[in-house]
Structures are given as structure tokens and as C-alpha cells.
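Reader: I'd like a close look at one part of this fold, told in plain words. Could you pick how the helices pack and walk me through it, then carry on to a strand?

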Amino acid sequence: MIPFFRAADVEAAVSPERAVEAVRQAFLAYARREWSMPPKVYVPAYPAGDFRAMPALGAGHALLKWVTSFPGNPAHGLPTVAGIVVLSDASNGMPRALLDAAAVTALRTGAAAVLAAETLGRPNASGASVIGAGVNGRAVARTFAAVGREVAFWDVDPERARAAAADVGAGMAGSRAEALAADVVATVTPGKEILLAEGGLRPGQHVSLMGADGPGKAEIAVEELARVRVFCDDWEQASHNGDLAHAVEAGALRRDDVTELGAVLAGTAPGRRGDEDITVFDSTGLAIQDLAIALAALERAAELDLPQVPL
Ligand SMILES: NC(=O)c1ccc[n+]([C@@H]2O[C@H](COP(=O)([O-])OP(=O)(O)OC[C@H]3O[C@@H](n4cnc5c(N)ncnc54)[C@H](O)[C@@H]3O)[C@@H](O)[C@H]2O)c1
């Protein structure tokens, strides 16, 4: 028998604060090459969406997340992101737990957006705004709130922004321009529309770009990326998907222009150099983040009343 963590069980097991710490340790372990992560495999099912198979190995365990991005799903009452995480013992290959992939994804996405913002943002930065008030936007806002940062939502659908603000206990930005002008911004949209045009950011701002995590998606103009200091979760993955991929294709960014967040956390590369820097973190979402959350959940298994799955 192995435990199954339903979405509510994942949330009960791992607080947003614990998620930030677990994800910080995962980025560090990956930067030190203690954890490894074969490339994520996309299985396109366009135009509806795509499947992703995301493996990682670390801390004596292996993980596979089988997860979707079907952007049109909410219109049919279904979530954009769904799937299952399998956590296995890396000493004998035996499965140890199954977890709801959407809940794991939301926790680790919120954690990465906030970890990047707290690492790269100005130390005296004030409030944060979250653009895109869907499942993962809410997770980002909840995590900002958990680390004590005031947060305001903006969404093309004002009803969704209102509902998310009430759910998370956050505020609402008066307009898209106001949201984009915050000291700390997280974009968590489907990546079909450029939110940040050339010249859109001002000195001192930080943006965690979370939404454009797959082929063809973008939230920032290539010209704007070329103008700011760029950080990413993983060069291999980010340079092939989403915002960075467009800039690399256009020849506007090369490997040397981009710093991995783990290197900043490990102290082997500089982060923000001063109050005038504009910092941008491009996230494509890593399986090592999922592994961090799955391991943190497993630590609490005995305290929760979890359904058991026969093997
Ligand atoms: N980087 C990562 O690790 C990571 C993790 C999970 C999801 N994602 C990506 O994040 C995106 C959002 O995922 P989700 O699960 O929250 O989706 P969702 O469908 O639940 O929410 C998307 C929200 O964005 C809003 N929106 C759409 N276009 C917008 C625009 N131009 N400006 C402002 N708001 C807009 C929608 O109204 C909706 O509320 C997807 O592209 C998904 O693939 C990335």
C-alpha cells in the first residue's frame, strides 16, 4: 500500500512557507549537481493543449510528474493543469507515494515565483502584483502573502480577479498599468499576449514570468528581455520554451546573458547589483521543484489520514 495525497492533502501537508524553503533547497541541490533532472518531454495534443512528462532524481528518491496544460479547459469547468505525481525510492525503484499533480504544481510554482522575487527584488521593494488570477496565480499570491508581502491581483476577467482576491485575502490593482508598475510583479497568464512591451519596465522592478512555460507562449517582448537583467530556472529548459526561447531564436540573448537562480542562491553568480537593476526571472517549471514538494509532503504522511493505494 502507498499513500495518495489528494489536492487537499498536499495543501495540508505543505504550507506555502515550507514550499518556499523546500524549493530553495532544491534549486541549491540542483546547482551543486546533487540532484539531477533529465529534460521534460512535451507530448503535444494541440490545439487543445499538451502533456508533459517531468522526471527528477534527488535525496534518495525519483519522481515523475505526468501533467497537462490545456488552456481552454476553464471554459468547460475543467482545470488548465491536471495529472499525477509518482514518487519512488531510488534505492530499489519501489513507488512510495502518489500525489495530485495540480496541487504540487501550484505550490511549487508559487514558491518559485516568490523565491525569485525575494532573492532578486530590491530589499526595500513594497507590494507585489499578480497578473493572471487563475489556479497558479492564486498560488503565487498566497505564497507572497505567506512571506508577508502585500499583494494585488489583475486579470483580463475582473470577476476572476475579484474571486481570487477574496479567496486569498489580497487586494485588486485598479488597472493593468497599475499592476505592471508594482515593485514586484508576477505574471501567470496563458502567455498568448505580450504583457510587457519594450520599455515597459522601470528601474528597480522585479518580474517573475511564470505563465509562458511552453512552446509558442510569451509574456514579455524580446526587446524588453534584451534590455533587462535576465535570470531563469534552468537554461537548458528555459532556452527551449517560452519567453527565453523567443529571445534566443532572435539572437537577442545568449547563454552568458542569463543567470540561473540556483547559481545566485549558491553564491556562485551575482543577483541584483543595485536599486536601478531591472530583474526578470523566467520560469518554465522544473521537476526538481516538484520533487521538493513531494518529499516535504511525504515527511507529513503519518500525520494525515491518507487514502492507501494497493500496489
Ligand atoms: N512556470 C511554471 O512553473 C508554471 C506552472 C504552472 C502553470 N504555468 C503556466 O501558467 C499559466 C497559467 O496557469 P493557470 O493554471 O493559473 O491557468 P488558469 O487558466 O487557471 O488561469 C489563467 C488566468 O489568466 C487570465 N488571463 C488570460 N489572459 C490574460 C491576460 N492577457 N492578462 C491578464 N490575465 C489573463 C485568465 O482570465 C485566467 O484567470 C499557463 O500558461 C500554465 O501553463 C506555469
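Author: Sure, and keep in mind that this is a predicted model. Let's start with helix α2 (residues 16-31) and helix α4 (residues 135-146), which pack at an angle of about 95° with their axes 8 Å apart. That angle makes α2 roughly perpendicular to α4, because anything from 65 to 115 degrees counts that way. On the α2 side, the contact involves Pro16, Glu17 and Val20, and they meet Arg142, Thr143 and Ala146 in α4. Sort the residues of this contact by type and you get 3 nonpolar, 1 polar and 2 charged.

Now, α4 has another neighbour to look at. Helix α5 (residues 158-168) has Ala161, Ala164, Ala165 and Val168 as its buried residues. They sit on the same side of α5, because they cover an arc of only 100° around the axis. As a rule, an α-helix has 3.6 residues a turn, so residues three or four places apart point the same way. What do the buried residues of α5 pack against? They pack against α4, along with β8 (151-154) and β9 (171-172).

On to the strand I'd pick, β12 (residues 229-232), which is covered on both faces. Arg229 and Phe231 are buried on one side, while Val230 and Cys232 are buried on the other. In general, side chains in a regular strand alternate between the two faces of the sheet. As for partners, β12 runs parallel to strand β14 (residues 279-282), joined by 4 bridges, and there Val230 stands opposite Val280. Strand β13 (residues 258-260) also pairs with β12 in the parallel sense, over 3 bridges, with Thr259 as the bridge partner of Phe231.

Notes: Residues numbered from 1 in each chain as written. Predicted model: local features only at pLDDT ≥ 70, side-chain atom pairs only at ≥ 80, totals over all residues. Heavy atoms only, no water. Axes fitted to C-alpha atoms, helices over the stretch in contact; angles between N-to-C directions. Helix = DSSP H or I, 4+ residues; strand = E, 2+ residues; numbered from the N terminus. Parallel < 35°, antiparallel > 145°, perpendicular 65-115°, else oblique. Contact = heavy atoms within 4.5 Å. Nonpolar A, V, L, I, M, F, W, Y, C, P; charged D, E, K, R; others polar. Buried < 20%, exposed > 50% of the residue type's maximum accessible area, 1.4 Å probe, protein only. Pairing = 2+ DSSP bridges. Arc of directions from axis to C-beta.
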